[in-house]
Each structure stands twice: as structure tokens, then as C-alpha cells.
Amino acid sequence: MFELSHQGLLWIQSLGFVSMAIGWWANAQKNDQQLLSGNLIASGLTAAHLGLLGSNLGMVNQLLNLLRFACCRYCKKLRKRYMFCLPVLFATFALIQGLTLAQHWSEWAAVTSAILMSFALFYCVGSKLRIAMLFSNLLNLTLSVYLNSWSGIAYQVVTIVILSHSLLPQKMVEYDTEHAV
């Protein structure tokens, strides 16, 4: 890892906080396309943030997220044509990343999260997509806790709250509709 000046570190950390804010905004959106677009931008900024901090594993993981979000957001024809192949390809990349780089069970939780999202982004919409993202964030939270990453913990906890809040009104309406007399 290279040594950073205080000013350089401040700019890199600022990039991480901007990414965090965009991710929170994205996860609060009701529109799936805005959710995907915001997370795509946040993944790109987080990849740059982690790469500049010297975390190649984190950077590669975020670049994989960026590609998944981009394929889901912008490649509708590609998505329909390769509906089965793309999720399997992304899940395989996540598994290979885990096999080559994971050293602790919490890192495997993050790999499991990446595999889950590889399929959820292609097959789920609306509340089902948000439920998958909720589980994904819970899995990623274990890694943030293990690494003692305060920004990671803050991001995951706030995102879990945002996603949970966005699901509550929908679940209540669905429950009332299903159980109406």
C-alpha cells in the first residue's frame, strides 16, 4: 500500500462519503430504474475510493457490482437474450473471487451476497428486489463488522433501515389486500 498525504486521504474519504450518500439516495427510490442507476454510480465511486485506499479486493467487488447494475439498467435486449447466462456469469465471477481471495467466513458472507444479487438483479423487481437487497446488506454487514469498518457499518445499517422502511408500507398494503373479507 502506498502512503497518502493528509490532504489526499481527505479527498479519498470524501469520495467514499459521496458514494455513501448516493447509495442511500438510490436505495430510498421507489422506481427500480432510479434504484439501479444510483447504485451503479455509487458502485463506481466506491470502486475508485477502495482502489485509491489500496483495497484491490474491494475495488474488484465494486467493479463487479457496477457491471451487474449496468447490465440490469441499460442492456435490456442483452438482459432478455442472456437472462440465464448473465446471472450465472456474475455469480461465477463472485465465486472465483471468493475462492481466490476470501480468508474468513465473513468474506464468504460477502461472496454469498454477490451471488444473491447476481440473480436478484436479473429476476426480481419492486419489493422482491428490495428484499434481496436487504438480505445482501445484512450479509455485507458481517464483513464490515469483522473488518471494523465504521463507514461500512454505517452504510449497511442505514441502508438496511432505508430498505426496511420502504418495504413496510408495501407489505402492509399487500397483507391487507390479501386478507380482506
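This passage walks through the fold of one protein chain, two of its helices, its largest pocket and three of its polar residues.

The model described here is predicted. Its secondary structure amounts to eight helices and zero strands, so that reading along the sequence gives the pattern α-α-α-α-α-α-α-α. The chain has 181 residues, and 40% of them count as buried. Contacts across the sequence are a helpful guide to how the chain is put together: taking those between residues at least 6 apart in sequence, 63% join residues at least 24 apart.

Two helices can be taken in turn, starting with α2. This helix, which spans residues 32–52, has 21 residues and reaches 30 Å from its first C-alpha to its last, close to the 30 Å expected at 1.5 Å a residue. Both ends offer some detail. At its start, a side-chain oxygen of N31 comes to within 2.7 Å of the backbone nitrogen of Q33. Following α2 is G54, with a positive phi near 95°.

Within α2 sits N39. Is N39 buried or exposed? With a relative accessible area of 6%, N39 lies under the 20% cut-off and is therefore buried. The side chain of N39 has polar partners despite this setting. One polar contact, at 3.3 Å, links it to the side chain of N27, and the N39 side chain also reaches the backbone oxygen of L35 at 2.9 Å. Leaving aside residues up to four places away in sequence, N39 touches A26, N27, F69, M133 and Y155.

Helix α6 covers residues 105–123. Its 19 residues carry it 27 Å from first C-alpha to last, close to the 27 Å expected at 1.5 Å a residue. The buried residues of α6 are S106, E107, A109, A110, V111, S113, A114, M117, S118, A120, L121 and F122.

One of these buried residues, S113, leads on to helix α7, where S136 is found. The side chains of S136 and S113 are joined by a polar contact of 2.5 Å. S136 has a relative accessibility of 6%, and because this is under 20% the residue counts as buried. Beyond residues up to four places away in sequence, S136 touches S113, L116 and M117. Of these, S113 and M117 are themselves among the buried residues of α6.

Attention can now turn to empty space. Rolling a probe the size of a water molecule over the atoms shows where such space is left. The largest pocket holds about 1,300 Å³. It is lined by 46 residues, of which T46, L50, N61, Q62 and Q156 are the closest to its centre. Two or more lining residues come from each of α1 (6–27), α2 (32–52), α3 (56–74), α5 (85–101), α6, α7 (126–147) and α8 (150–178). What is the make-up of this lining by residue class? It divides into 19 nonpolar, 25 polar and two charged residues.

N61, one of the residues closest to the centre of the largest pocket, belongs to helix α3. Not counting residues up to four places away in sequence, N61 touches Q97 and A114. A114 is one of the buried residues of α6, which ties this position back to the helix described above. The C-alpha atoms of N61 and A94 are separated by 7.8 Å, although the two residues stand 33 residues apart along the chain.

Note on methods:
Residues numbered from 1 in each chain as written. Predicted model: local features only at pLDDT ≥ 70, side-chain atom pairs only at ≥ 80, totals over all residues. Heavy atoms only, no water. Helix = DSSP H or I, 4+ residues; strand = E, 2+ residues; numbered from the N terminus. Expected span 1.5 Å × (residues − 1). Buried < 20%, exposed > 50% of the residue type's maximum accessible area, 1.4 Å probe, protein only. 1 Å grid on protein atoms, 1.4 Å probe; cavity = no way out; pocket = protein on both sides within 12 Å on 5 of 7 lines; lining within 4 Å. Points joined across faces, edges and corners; volume = space filled by probe spheres on them. Nonpolar A, V, L, I, M, F, W, Y, C, P; charged D, E, K, R; others polar. Contact = heavy atoms within 4.5 Å. Polar contact = N/O pair within 3.5 Å; in protein donor to acceptor, adjacent residues only side chain to side chain.
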